[in-house]
Every structure is written in structure tokens, then in C-alpha cells.
Protein chains: 2
Amino acid sequence: MEKTYSIQEVSQLLQLPKDTLRYYDRMGIVSPSRKENRYRRYTKNDLIDLMNVQIMQYADFALEEIKGKFQFHRMEHISPADCQEVASFLDAKNAETRQKIEHLEKISQLLHTAAETLRDFNPESDQRLAETVREIYQSIRGKGPVHFEEGCNGHQD
Amino acid sequence: MEKTYSIQEVSQLLQLPKDTLRYYDRMGIVSPSRKENRYRRYTKNDLIDLMNVQIMQYADFALEEIKGKFQFHRMEHISPADCQEVASFLDAKNAETRQKIEHLEKISQLLHTAAETLRDFNPESDQRLAETVREIYQSIRGKGPVHFEEGCNGHQD
DNA sequence: AATAACATTGGAGTTAGCTCCAATGTCAAG
DNA sequence: CTTGACATTGGAGCTAACTCCAATGTTATT
């Protein structure tokens with residue numbers, strides 16, 4: 001018989017609240033087997049699943065997306081088709097992630113320029129700020145130019 | 001008298017649902033003045049505030065954080081102290097943003113390595129995957145090593 | 001047997017940022 | 001004066017991922 005863990009032990013080992021573990025069980029994310037007394041017993045495979053879930057969470061995956069994927073360690077035979085499918089999924093996620101990074105880079109630039117402009121006002125940084133803002137603003141609203149006043153930091157007065 | 005806009009006009013101009021504008025009003029984010037009939041009338045300054053809100057949202061600011069900041073365009077005199085304060089706030093936000101980017105870079109690496117490993121299994125990419133995972137896992141759980149099995153992709157079999 | 005420390009469940013509450021609805025009020029055109 | 005398009009409000013519901021609670025059951029120790 002393989003060693004199993006109580007919900008409390010798992011909670012301490014993985015630093016996950018017990019309620020969260022029960023929640024995952026209810027949601028069908030990681031559902032351990034039960035003893036006759038209905039107490040949950042987590043196997044090593046369950047722990048691996050939970051760690052994978054933590055990694056996936058870290059990677060901005062929704063729990064629904066995680067469900068059932070990434071359980072290769074439970075499989076006897078790993079079919080190339082499965083691999084291919086999951087690999088594509090990961091690629092898509094990666095594209096999404098690269099997008100987010102790009103987005104955040106722009107934000108970082110905005111914050112930097114804005115702080116700079118506030119600290120020590122001068123036409124160049126104000127100009128750069130205005131451009132960054134316009135660029136972002138366009139990416140926010142698909143298209144359809146805003147043709148009334150565009151001023152955003154108020155330094156035009 | 002300055003030109004003002006109805007809620008519908010603002011909604012179309014800024015591509016924000018009317019309910020969202022009302023929500024912002026309730027929350028005290030942007031509260032336009034009213035006519036005698038209680039209809040909202042948005043001034044140009046209100047529109048600027050709203051656009052700033054959109055930018056701040058894009059920049060991952062919570063609405064609560066936005067409240068009352070960034071209204072320089074309404075001020076007669078901008079005190080250096082105010083500027084300094086907001087500039088510091090922006091710096092802090094930027095630090096946060098840089099952190100997020102770093103985080104996402106790691107995720108991107110993880111996704112890339114994982115997909116690669118799935119596509120074409122070989123010891124090196126498996127090794128790299130394991131390392132990336134371990135690194136991330138440590139950053140997730142503050143510290144306290146996990147000393148049971150660490151396998152995460154199941155390729156150890 | 002009593003007590004404490006665990007476990008179970010269903011269900012309600014939280015957060016942020018909307019989103020929708022029904023009942024009602026206002027206004028312009030025909 | 002009716003019709004339709006607008007506006008108002010309070011309040012409910014939504015999503016995701018928990019988080020908490022009360023009532024109850026189980027196990028281990030004294």
C-alpha cells in the first residue's frame with residue numbers, strides 16, 4: 001500500500017488551505033479517494049496533481065483549463081496525439097503570455113514617463129507621455145478616433 | 001456655458017457601457033453634475049477623467065486606487081508636493097509591473113520548455129523543464145522545501 | 001465516557017467590476 | 001396626447017477562486 005496523506009498534511013506540505021483542497025475536490029480538479037469513514041486520503045499522484053495545479057495557477061491558467069490536462073504521470077501509455085494536443089494548448093497559452101508581457105511593457109513605459117514628467121516637467125517628456133498615452137488609448141478602443149480633446153495629464157494648461 | 005454630453009454620447013464616444021458609467025458615478029470614480037431633471041451631464045473634464053480611468057485600468061490599477069488621483073487638469077495650481085506624491089505612487093506601480101513582467105517571463109519560458117519537451121522528448125529539455133518548475137515552485141511557496149517526490153510532468157517513468 | 005482534535009457537508013459570503021432588470025420619470029415628434 | 005427613445009433608481013445576479021460557518025461525524029487520548 002502506498003503512503004497517503006490526510007488533508008491537513010497536504011495542506012501543510014503544499015501550503016494550501018484545507019478549504020481550498022476541498023474546493024478543488026468539489027470542482028473535480030483533484031479528487032482524492034476516501035477511506036470508509038469518508039475522510040480524504042491523498043496519494044503521491046494527487047500531490048503531484050496539486051503541485052501541477054499550483055504551477056498552472058502561477059502561469060495564469062484558469063482552474064477550468066487545468067481540469068484533466070497534465071496528468072501524464074497517471075497514464076500508462078502516452079499517445080503522441082495527446083502530447084501534440086497539449087503542446088498546442090501550451091503554445092497558445094504562451095502566445096497569450098507574450099501578449100500580456102508586451103502589454104505590461106507598455107504600461108511600464110507609461111508609468112516611467114508619467115513619473116518623469118511629474119518630477120521634472122519638460123516638453124520632451126510631456127510629448128513622449130502624450131504619445132504613449134495615445135498609443136495605448138488606441139489599442140484600448142479598437143479604433144474609432146477620439147476627436148475631441150485628448151489631453152490626459154493636464155499639463156496643457 | 002461649456003459643452004456637455006449625455007450618458008449615451010459619452011458611452012459612444014468612449015466605448016464604455018452606460019451601466020459602467022453609472023457604476024463609476026455610484027463609486028465616486030467619475031461623478032458628473034446633473035440637470036434639474038436628474039439627468040447626468042458630462043463635461044469635458046469628466047471625459048478626461050474617464051479616459052484617464054481607462055488608461056489606468058489598462059495599467060492594472062484598481063478603481064479604488066484611481067479614485068481622486070490624476071485630476072491635475074482640474075487644479076489651478078499644481079503643488080510640487082502633490083507631484084512628488086503621485087510620482088512615488090507611479091514608481092511603486094512600475095516596480096510592481098516590472099515584477100509581473102518577470103513573473104510572466106518565467107511562465108513563458110515554462111510554457112515553451114514544456115511544449116518542447118512534449119513535442120520531442122529528450123533528457124536536456126526534460127532537465128530544463130524540471131529546473132524551471134523547481135524555480136517557480138520555490139518562488140510560489142516562499143520557502144520550506146518539498147522533500148517528497150517533485151516530478152511534475154510525469155516523464156520520469 | 002468525556003474531551004479535544006481532527007474530519008465531513010451544504011450553503012452562504014467575499015471581492016472587483018461590471019451587467020442586467022423592472023419600475024418609473026422625462027422629453028421630443030407627430 | 002400618445003408613442004418611442006431616452007433617462008433615473010435600487011437591487012439582484014454574474015464570474016472566479018476562494019473563504020467561512022454551523023451542524024455533525026470520527027478518531028485518539030485521557
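How many nonpolar, polar and charged residues does the surface near DNA strand D have? The exercises below work towards this and related points.

This is a predicted model, in which local features need pLDDT of at least 70, side-chain atom pairs count only at pLDDT 80 or more, and totals for chains, interfaces and linings use all residues. Residues are numbered from 1 along each chain as its sequence is written, chains are lettered from A and ligands numbered from 1 in the order in which they are written, and side-chain values use heavy atoms, with hydrogens and water left out.

**Exercise 1. Describe the surface near DNA strand D.**

Step 1. Sort by class. The surface has eight nonpolar, five polar and seven charged residues. Here Ala, Val, Leu, Ile, Met, Phe, Trp, Tyr, Cys and Pro count as nonpolar, Asp, Glu, Lys and Arg as charged, and the others, Gly among them, as polar.

Step 2. Find the neighbours. DNA strand D is surrounded by 20 residues, and Asp19(A), Asn37(A), Tyr39(A), Gln57(A) and Arg40(B) are the closest. A residue is near a strand if one of its heavy atoms lies within 4 Å of it.

Step 3. Look at the DNA side. Of the atoms of DNA strand D that come within 4 Å of the protein, 70% belong to sugar and phosphate.

Step 4. Pick out polar contacts (pairs of N or O atoms within 3.5 Å; within protein, one must be able to donate a hydrogen and the other to accept it, and residues adjacent in sequence count only if both atoms are side-chain atoms). The side chain of Tyr24(A) has an N or O atom 2.8 Å from a phosphate oxygen of DNA strand D. Lys18(B) places a polar side-chain atom 3.2 Å from a phosphate oxygen of this strand.

Step 5. Name the main element. Helix 2 of chain A gives the most to this surface, with four residues. Helices are DSSP runs (H or I, at least four residues), numbered from the N terminus.

**Exercise 2. Which parts of DNA strand C do Arg26(A) and Arg40(A) approach?**

Step 1. Take Arg26(A). One of its polar side-chain atoms lies 3.1 Å from a base oxygen of DNA strand C.

Step 2. Take Arg40(A). An N or O atom of its side chain is 2.6 Å from a phosphate oxygen of the strand.

Step 3. Add the helix. Helix 2 of chain B gives the most to the surface near DNA strand C, with four residues.

**Exercise 3. Describe the contact between chain B and chain A.**

Step 1. Count residues. Each side is listed with its number: 60 residues from chain B and 60 residues from chain A. Contact means heavy atoms within 4.5 Å.

Step 2. Give the area. The two chains bury about 5,600 Å², with 67% of it on carbon and sulfur atoms. Buried area is the accessible area (1.4 Å probe) that two parts lose on being put together, summed over both.

Step 3. Find salt bridges (a side-chain nitrogen of Lys or Arg within 4 Å of a carboxyl oxygen of Asp or Glu). There are four across the interface. One of them joins Asp91(A) to Arg119(B), with the closest N and O atoms 2.6 Å apart.

**Exercise 4. How are chain A and chain B related?**

Step 1. Superpose them by least squares on the C-alpha atoms of residues with pLDDT of at least 70 in both. A turn of 180° and a shift of 0.0 Å along the axis lay chain B on chain A with an RMSD of 0.1 Å.

Step 2. Conclude. The two copies are therefore related as by a two-fold rotation axis.

Step 3. Locate the axis. In chain B, Ile101(B) has the C-alpha nearest to it, at 2.9 Å.

Methods
Helix = DSSP H or I, 4+ residues; strand = E, 2+ residues; numbered from the N terminus.
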